[in-house]
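User: I would like to learn how to read a structure feature by feature. Can you take me through this one?

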Amino acid sequence: MARILPDVSRTFAEYLLLPGLTRREHIPRNVSLKAPVAAFQRGTPSRFELNIPVVSASMQAVSGSEMATALARQGGLAFVFCSQSIENQAAMIAKVKGHKAGFVRSDTTIHPTSTLRELLAIRRRTGHSTAAVTDDGTNAGKFVGIITDKDFWEFEDNLDTPVSEHMTPLEKVIFGRVGISLTEANRLLHRHKKECLPVLEDDGRLNSLVFKKDYIDHMNNPDEILDGDKRLAVGAGINTHDYKERVPALVAAGADVLAFDSSDGYSEYQKEAALWIREEYGDKVVVGGGNVVSAEGFHYLAEEGQLDFVKVGIGGGSICITREQKGIGRGQASALMDVVKARDAYYERTGRYVPICSDGGLANDTQIIIALAMGADFVMMGRYFAMTSESPTPKVSIGNRIYKPYWGEGSNRARNWQRYAEEGGGDGKLKFEEGVDGYVPVVGSVSEVLGVTLAKLRATMCNLGALSLPQFNREAVLTLVSEQSIEEGGTNNIIRPETKLGDRE
């Protein structure tokens with residue numbers, strides 16, 4: 001007969017935290033929200049860490065290049081969705097890597113004999129107002145000058161004149177040589193009051209550009225995550241079908257972290273794909289997987305699949321109907337606690353720490369906090385980020401409110417049949433949906449919504465006497481709550497300002 005687990009399947013909404021002793025040093029500015037992503041051995045640092053414990057889901061309606069840029073600036077990570085062509089996904093990754101960097105490979109270069117009209121066409125394509133001028137028009141040619149939008153007037157000057165008549169020539173350009181540090185480059189920009197510093201090879205060829213605006217961006221976003229080349233970090237979703245072609249393209253484009261996107265990752269397909277990546281790239285690539293809801297699933301992927309991190313959660317997302325359609329899943333709190341317990345025991349036994357990502361089942365900021373207190377190293381969210389200005393879907397007006405479309409990767413709208421090919425017979429047709437299609441209200445920018453969430457998290461950690469996420473998990477004491485205590489925790493027996501007189505709450 002079937003094995004019946006004795007415990008009830010619990011959700012985050014059923015728990016509250018008990019406060020601990022708050023000492024004088026427990027103030028928000030002293031709190032560290034760093035979280036490991038890559039597995040590590042006891043006594044050694046993780047190969048990749050987040051500065052805030054938040055990532056966005058690999059979904060068409062959530063994680064495009066704009067989301068990845070915005071989230072990396074805040075210290076988190078976006079997983080650019082894989083339910084698209086390899087070429088398109090790699091292009092999104094490359095766009096993020098080129099958006100913000102200390103030393104930028106120019107994507108806006110032009111030949112000196114090209115016209116201003118041609119320059120404008122290039123600028124409209126790239127969105128950049130500064131163009132390097134090289135002898136062959138490429139970003140590796142011999143540097144001969146620079147031209148910006150301040151060097152000519154689009155509606156006054158003759159657009160058929162050559163760039164060479166308007167550019168600042170090499171002899172008047174302040175530049176650096178390869179080997180200069182980013183600090184030294186920024187000092188040159190400051191000293192000479194320039195917006196852009198070309199960095200040249202010894203033979204005069206263009207190597208890269210350093211921009212004043214990037215320095216300002218960095219100072220305004222001190223938690224941003226950068227790679228070794230001072231470029232923004234970005235993640236990418238992958239699947240178990242075309243990984244031998246997709247993974248090399250994403251790695252070449254600059255993806256820092258890969259994660260299998262699957263409603264159920266406890267499978268030989270994912271293990272085989274993970275081992276192939278490990279064999280091909282070793283520890284040079286950070287790769288996670290899932291999703292799982294049990295200790296057995298964790299051990300299979302963490303030990304046999306050698307994954308860096310494991311995602312926990314099936315059917316808990318706001319647009320996910322896997323539990324309804326297939327009868328599989330588990331309350332997110334129960335699933336997380338089971339996997340965390342297995343992770344901790346595995347760490348004690350082997351000395352290898354495998355980070356846990358809680359994916360789904362997060363209805364509000366409080367539940368994000370509960371998930372981290374229960375031992376998740378970081379959380380993955382879809383709806384939370386779909387509601388922001390940076391999500392890739394267009395804004396629509398419904399009933400005098402602004403919304404954005406939001407749909408699951410298992411919905412017909414996503415047309416993501418590969419994600420469920422095994423269930424559907426592999427004929428390219430989605431037999432049934434595991435996600436729905438709807439709308440979510442627009443709530444603001446990524447920085448605005450994260451600012452509120454992280455402020456609450458830091459304040460709660462201080463209430464528990466914790467200054468780091470590992471300490472938060474160690475110090476956390478949770479209690480189950482009844483429906484009556486949940487009601488007691490809200491407002492009651494008062495008239496709210498927005499309530500009409502005569503109405504009762």
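User: What share of the 505 residues in the chain do buried residues make up?

Analyst: Buried means under 20% relative accessible area. In this predicted model, buried residues make up 51% of the 505 residues. The accessible surface of the chain comes to about 24400 Å². Carbon and sulfur atoms account for 50% of that surface.

User: How many helices and strands are there in the chain?

Analyst: The chain has 16 helices and 24 strands. Now look at sequence separation. Take the contacts between residues at least 6 apart in sequence: 65% of them join residues at least 24 apart.

User: What is the mean pLDDT of the chain, and where does pLDDT stay under 50?

Analyst: The mean is 88, and 87% of the residues reach 70 or more. Residues 500-505 stay under 50. For that stretch the model has five contacts beyond four places in sequence.

User: Next, helices. What span should the 18 residues of helix 14 have, and how far apart are its end C-alpha atoms?

Analyst: Use the rise per residue. At 1.5 Å a residue, helix 14 (residues 446-463) should span 26 Å. Its end C-alpha atoms are 26 Å apart, so the two values agree.

User: Which residues of helix 14 are buried?

Analyst: Start with the general idea. An α-helix has 3.6 residues a turn, so residues three or four places apart point the same way. Now the case here. The buried residues of helix 14 are Val 446, Val 449, Leu 450, Thr 453, Leu 454, Leu 457, Thr 460, Met 461 and Cys 462.

User: What do the buried residues of helix 14 pack against?

Analyst: Their partners include two strands, strand 1 (15-17) and strand 5 (54-56). Helix 1 (65-74), helix 11 (365-373), helix 12 (383-386) and helix 15 (469-475) are also packed against. After helix 14 comes Gly 465, with a positive phi near 75 degrees.

User: Which residues are buried in helix 8?

Analyst: Helix 8 covers residues 295-304. Ala 295, Gly 297, Phe 298, Tyr 300, Leu 301 and Ala 302 are buried there. Their cover includes helix 7 (268-281) and helix 10 (332-350). It also includes strand 16 (286-292), strand 17 (309-312), strand 18 (352-353) and strand 19 (356-359). Gln 306 follows helix 8, and its phi is positive, near 55 degrees.

User: Which other residues have a positive phi although they are not glycine?

Analyst: Two cases are Lys 193, at about 55 degrees, and Lys 230, at about 65 degrees. Lys 193 lies in the loop between helix 4 (182-192) and strand 12 (196-200). Lys 230 lies in the loop between helix 5 (212-220) and strand 14 (235-238).

User: Why is Lys 193 called exposed and Lys 230 partly exposed?

Analyst: Apply the cut-offs: exposed is over 50%, and partly exposed lies between 20% and 50%. Lys 193 has a relative accessible area of 77%, so it is exposed. Lys 230 has 39%, so it is partly exposed.

User: Where is there a cis peptide bond?

Analyst: Check omega. The cis bond joins Gly 290 and Asn 291, with omega about 10 degrees. Asn 291 is found in strand 16.

User: On to sheets. What is the strand order in the open sheet of four strands?

Analyst: The order is 7-8-9-10, and the pairing is mixed. Strand 7 (109-110) and strand 10 (168-169) stand at the edges. Each has a single partner strand, so one side of each is left without a neighbour in the sheet. Strand 7 and strand 8 (residues 131-134) run parallel and are joined by two bridges. In that pair, Ile 110 stands opposite Val 133.

User: Is Ala 376 buried or exposed?

Analyst: Ala 376 is buried, with a relative accessible area of 4%. Its place is in the loop between helix 11 and strand 20 (378-381). Leave aside neighbours within four places in sequence: Ala 376 is in contact with Leu 336, Val 340, Ile 356, Ser 358 and Ala 371. Ala 376 and Leu 469 are 93 residues apart in sequence, yet 9.1 Å apart in space, C-alpha to C-alpha.

User: And Ser 334, buried or exposed?

Analyst: Ser 334 is buried, at 5% relative accessible area. Ser 334 is found in helix 10. Beyond its neighbours within four places in sequence, Ser 334 is in contact with Asp 7, Val 8, Ser 9 and Arg 10.

Notes. Residues are numbered from 1 along each chain as its sequence is written. This is a predicted model: local features need pLDDT of at least 70, side-chain atom pairs count only at pLDDT 80 or more; totals for chains, interfaces and linings use all residues. Side-chain values use heavy atoms; hydrogens and water are left out. The expected span of a helix is 1.5 Å times one less than its number of residues. Buried means under 20% relative accessible area, exposed over 50%, partly exposed in between (1.4 Å probe, protein chains only). Contact means heavy atoms within 4.5 Å. Two strands pair if DSSP finds at least two bridges between them. pLDDT is the predictor's confidence in each residue, from 0 to 100. Accessible areas come from the Shrake-Rupley method with a 1.4 Å probe; for residues, only the protein chains shown count as cover.
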